[in-house]
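User: Please take one part of this model and go through it closely. I want the contacts with their numbers, and how the part connects to the rest of the chain.

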Amino acid sequence: MNTSVLHILNGLAIVTTAVVFGTDAFFALVGKKATAKSEDASVADVMGHFHEVADARMPLVGVAAILSTLLQVIIAGLHTFQGQLAAVSLAALLTHLAIYFTIARPVNNIMVDAIKFGRIVDNIRELQQRWDRVIALRAALLFIAIVSLVVVNYY
C-alpha cells in the first residue's frame, strides 16, 4: 500500500515540480535575454501581464509540488534513503519559494499594479534586473528538486 501511494505522490511531485521548473528555466534561458533587449515600456507591459496570469495560476501547481513531496517525506520517513531524497527535494522547493516571496513576488506585484492601474514604472529596468538575478538560482533549485524526486524511483 505505502509503495503505491509513494509512487503516486512521487509522480505528482515530479510533474508539478517540472511545470514550475519549465517556467523558470524558460525565463532563465530565454526571457532574461529577451527582456534585456526590449524597450522599457514593452518589458513593463508584457512582464506585468505574465506575472498577473502566473501569480494567479502557478500557486496551485507549486502547492501540489510541495505537499506531494512533503507527504513522501512523512510516509517514507527520514530513516529511509527515499525519504531523505524527498527531503532534499522539499528543501529545494521551500528555498525556491522563499526566494520567490522575498525577491520575485514584490517585483511581480509592482509590475501587476502598474498594468492594472495604468501606471508607468520608472525603474522597470532595475526591477526586471532584480527579478532576473534570482531566476537562474530558482531554476537550479527546481532542477535539484526534480532530480532528487526521480532518483527516489530507483530505490
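Analyst: Start with a salt bridge between the side chains of Glu-126 and Arg-130, at 3.5 Å from N to O. The model is predicted. Both residues lie in helix α4, four residues apart, about one turn of the helix. Glu-126 is partly exposed, because its relative accessibility is 44% and the partly exposed range runs between 20% and 50%. Arg-130 also counts as partly exposed, at 29%. So much for a link inside α4. Helix α4 is the part to follow from here.

Charge pairs come next. Side chains of opposite charge can pair when their charged atoms come close. The count of salt bridges is three. Asp-24 and Arg-138 form one of them, with 3.2 Å from N to O. Asp-24 sits in helix α1 and Arg-138 in helix α4, so this pair links distant parts of the chain, 114 residues apart. Are these two residues buried or exposed? Asp-24 is buried, and Arg-138 is buried as well.

Asp-40 and Arg-125 make another salt bridge, at 2.6 Å from N to O. Here the partners are Asp-40 in helix α2 and Arg-125 in helix α4, so the pair ties together parts 85 residues apart in sequence. Asp-40 has 36% relative accessibility and counts as partly exposed. Arg-125 has 23% and is partly exposed too. For Arg-125, the value stands just past a cut-off: buried means under 20%, so 23% puts the residue in the partly exposed class.

Next to Arg-125 in the numbering is Ile-124. Set aside its neighbours within four places in sequence. Ile-124 then contacts Asp-40, Val-43, Ala-44 and Met-111. Asp-40 therefore has two links to this stretch: a salt bridge with Arg-125, which ties α2 to α4, and a contact with Ile-124.

Ile-120 is also worth a look here. Ile-120 lies in the loop between α3 and α4. With 74% relative accessibility, Ile-120 counts as exposed. The C-alpha atoms of Ile-120 and Asp-40 are 9.9 Å apart, although 80 residues separate them along the chain.

Now the nonpolar side. The largest nonpolar core has 14 residues, and Met-111, Ile-124 and Trp-131 touch the most other members. Three elements give two or more residues to this core: α2 (40-76), α3 (81-117) and α4 (124-152). Which of them gives the most? It is α3, with five residues. A second, separate core has 13 residues, including Ala-65, Ala-86, Ile-99 and Leu-141.

Trp-131 leads on to the aromatic pairs. Trp-131 is buried, with a relative accessible area of 4%. A pair of aromatic rings is described by the distance of the centres and the angle of the planes. The model holds five aromatic pairs. In one of them, Phe-27 and Phe-50 lie 5.3 Å centre to centre, with 85 degrees between the planes, an edge-to-face pair. Phe-27 belongs to helix α1 (residues 2-37) and Phe-50 to helix α2, so the pair ties together parts 23 residues apart in sequence. Phe-27 is buried, at 11% relative accessible area. Phe-50 is partly exposed, at 42% relative accessibility.

Phe-27 also pairs with Trp-131. Their ring centres are 5.7 Å apart and their planes stand at 85 degrees, so this pair is edge-to-face. The angle is what decides the class, because edge-to-face requires planes over 60 degrees apart. Phe-27 lies in helix α1 and Trp-131 in helix α4, so the pair ties together parts 104 residues apart in sequence. Phe-26, Phe-27, Phe-50 and Trp-131 form one aromatic cluster.

To put α4 together: Arg-138 meets Asp-24 of α1, Arg-125 meets Asp-40 of α2, and Trp-131 meets Phe-27 of α1. Helix α4 also gives residues to the largest core. Glu-126 and Arg-130 pair within the helix.

One surface feature remains, away from these pairs in the account. Val-63, Leu-67, Leu-70, Leu-71, Ile-74 and Ile-75 form a nonpolar patch on the surface, with about 480 Å² of accessible area together. Leu-67 lies in helix α2. Leu-67 counts as partly exposed, because its relative accessibility is 46%.

Technical notes. Residues numbered from 1 in each chain as written. Predicted model: local features only at pLDDT ≥ 70, side-chain atom pairs only at ≥ 80, totals over all residues. Heavy atoms only, no water. Core = buried A, V, L, I, M, F, W, Y, C linked by side-chain atoms within 4.5 Å. Buried < 20%, exposed > 50% of the residue type's maximum accessible area, 1.4 Å probe, protein only. Contact = heavy atoms within 4.5 Å. Patch = residues over 30% accessible without salt bridge, like charges linked within 9 Å, V, L, I, M, F, W, Y side chains within 5 Å. Areas by Shrake-Rupley, 256 points an atom, 1.4 Å probe, with all protein chains shown as cover. Salt bridge = Lys/Arg side-chain N within 4 Å of Asp/Glu carboxyl O. Phe/Tyr/Trp six-rings, centres within 6.5 Å; stacked < 30°, edge-to-face > 60°.
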